[in-house]
Amino acid sequence: GVEFPMFAKIDVNGPGRHPLYKALIDAQPADGDIRWNFEKFLVSRDGKVVARFAPKTEPEDPTLVAAIEAEISKPR
């Protein structure tokens, strides 16, 4: 697995992109590079990236909430 210190600065774009962000973007490539802080990726229980939300999407946005609820309601 990929390990990194919790508070270390990492690159999310460019040639030094951290492997975590490479995997996230590769799974949801339509929006390209990370655009700004607070971009959100929804990961299923089995580790699949199932959705990506823009930085301006508020945590209470109905679309985001519905996506999270749909994932947590799936059987284990």
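# Reading charges and burial in a predicted model

Modeller: Lys48 is exposed, with a relative accessible area of 53%, and that is a convenient place to begin with this model, which is predicted.

Biologist: How should I read such a percentage, and why is Lys48 called exposed?

Modeller: The idea is to compare the value with two cut-offs, since buried means under 20% and exposed means over 50%, with partly exposed in between. Lys48 is therefore exposed, because its value of 53% is over 50%. Asp46, with 55% relative accessibility, likewise counts as exposed, and the side chains of Asp46 and Lys48 meet in a salt bridge, with N and O 3.5 Å apart.

Biologist: Before we go on with pairs, which elements does the protein contain, and in what order do they run?

Modeller: A good habit is to lay out the elements before looking at single residues. This protein has two helices and two strands, and from the N terminus on they run α-β-β-α. The C-alpha trace spans about 35 × 30 × 25 Å along its principal axes.

Biologist: How many of the residues count as buried, taken as a percentage of the protein?

Modeller: A total of this kind gives a background for single residues: of the 76 residues, 24% count as buried. The protein exposes about 5900 Å², and carbon and sulfur atoms supply 59% of that area.

Biologist: What is the general idea behind a salt bridge?

Modeller: Side chains of opposite charge can pair when their charged atoms come close. Here there are 11 positive and 12 negative side chains, and the centres of the two sets lie 2 Å apart. A search of the whole structure finds seven salt bridges, and one of them joins the side chains of Glu71 and Lys74, at 2.9 Å from N to O.

Biologist: Are Glu71 and Lys74 buried, partly exposed or exposed?

Modeller: Each partner has to be read on its own value. Glu71 counts as buried because its relative accessibility is 13% and the cut-off for buried is under 20%, whereas Lys74, at 44%, counts as partly exposed.

Biologist: Which residues are linked in a network of salt bridges?

Modeller: When pairs share partners, they are best read together as a network, and in this protein Asp31, Arg35, Glu39 and Arg52 are linked in that way. Within that group, Arg35 forms a salt bridge with Asp31, and the closest N and O atoms are 3.9 Å apart. Arg35 is partly exposed at 43% relative accessibility, and Asp31 is partly exposed at 37%.

Biologist: Where in the protein do Glu39 and Arg52 lie?

Modeller: Glu39 lies in the loop between α1, residues 19–27, and β1, residues 40–43, while Arg52 lies in strand β2, residues 49–53. Glu39 counts as buried at 13% relative accessibility, and Arg52 is buried as well, with a relative accessible area of 10%.

Biologist: Which polar contacts do the side chains of Glu39 and Arg52 make?

Modeller: To follow a buried charged side chain, one looks for the polar atoms around it. The side chains of Glu39 and Arg52 make a polar contact of 2.6 Å with each other. A polar atom of the side chain of Glu39 also lies 2.9 Å from the backbone nitrogen of Arg35, and a polar atom of the side chain of Arg52 lies 2.7 Å from the backbone oxygen of Gln28.

Biologist: Leaving aside neighbours within four places in sequence, which residues is Arg52 in contact with?

Modeller: Leaving those neighbours aside shows what the fold brings together, and the contacts of Arg52 then include Ile25, Gln28, Asp31, Gly32 and Phe41. On the same terms, Glu39 is in contact with residues among them Asp33, Ile34, Phe53 and Pro55.

Biologist: How far apart are the C-alpha atoms of Trp36 and Arg52?

Modeller: Separation along the chain and separation in space should be read as two values, and for Trp36 and Arg52 they are 16 residues and 13 Å between C-alpha atoms. Trp36 lies in the loop between α1 and β1, and Trp36 is exposed, with a relative accessible area of 63%. A further pair to read in this way is Ala70 and Val49, 21 residues apart in sequence and 14 Å apart from C-alpha to C-alpha; Ala70 lies in helix α2, residues 62–73, and is partly exposed at 36%.

Note on methods. Residues numbered from 1 in each chain as written. Predicted model: local features only at pLDDT ≥ 70, side-chain atom pairs only at ≥ 80, totals over all residues. Heavy atoms only, no water. Helix = DSSP H or I, 4+ residues; strand = E, 2+ residues; numbered from the N terminus. Buried < 20%, exposed > 50% of the residue type's maximum accessible area, 1.4 Å probe, protein only. Areas by Shrake-Rupley, 256 points an atom, 1.4 Å probe, with all protein chains shown as cover. Lys, Arg positive; Asp, Glu negative; His and termini not counted. Charge placed at Lys NZ, Arg CZ, Asp CG, Glu CD. Salt bridge = Lys/Arg side-chain N within 4 Å of Asp/Glu carboxyl O. Polar contact = N/O pair within 3.5 Å; in protein donor to acceptor, adjacent residues only side chain to side chain. Contact = heavy atoms within 4.5 Å.
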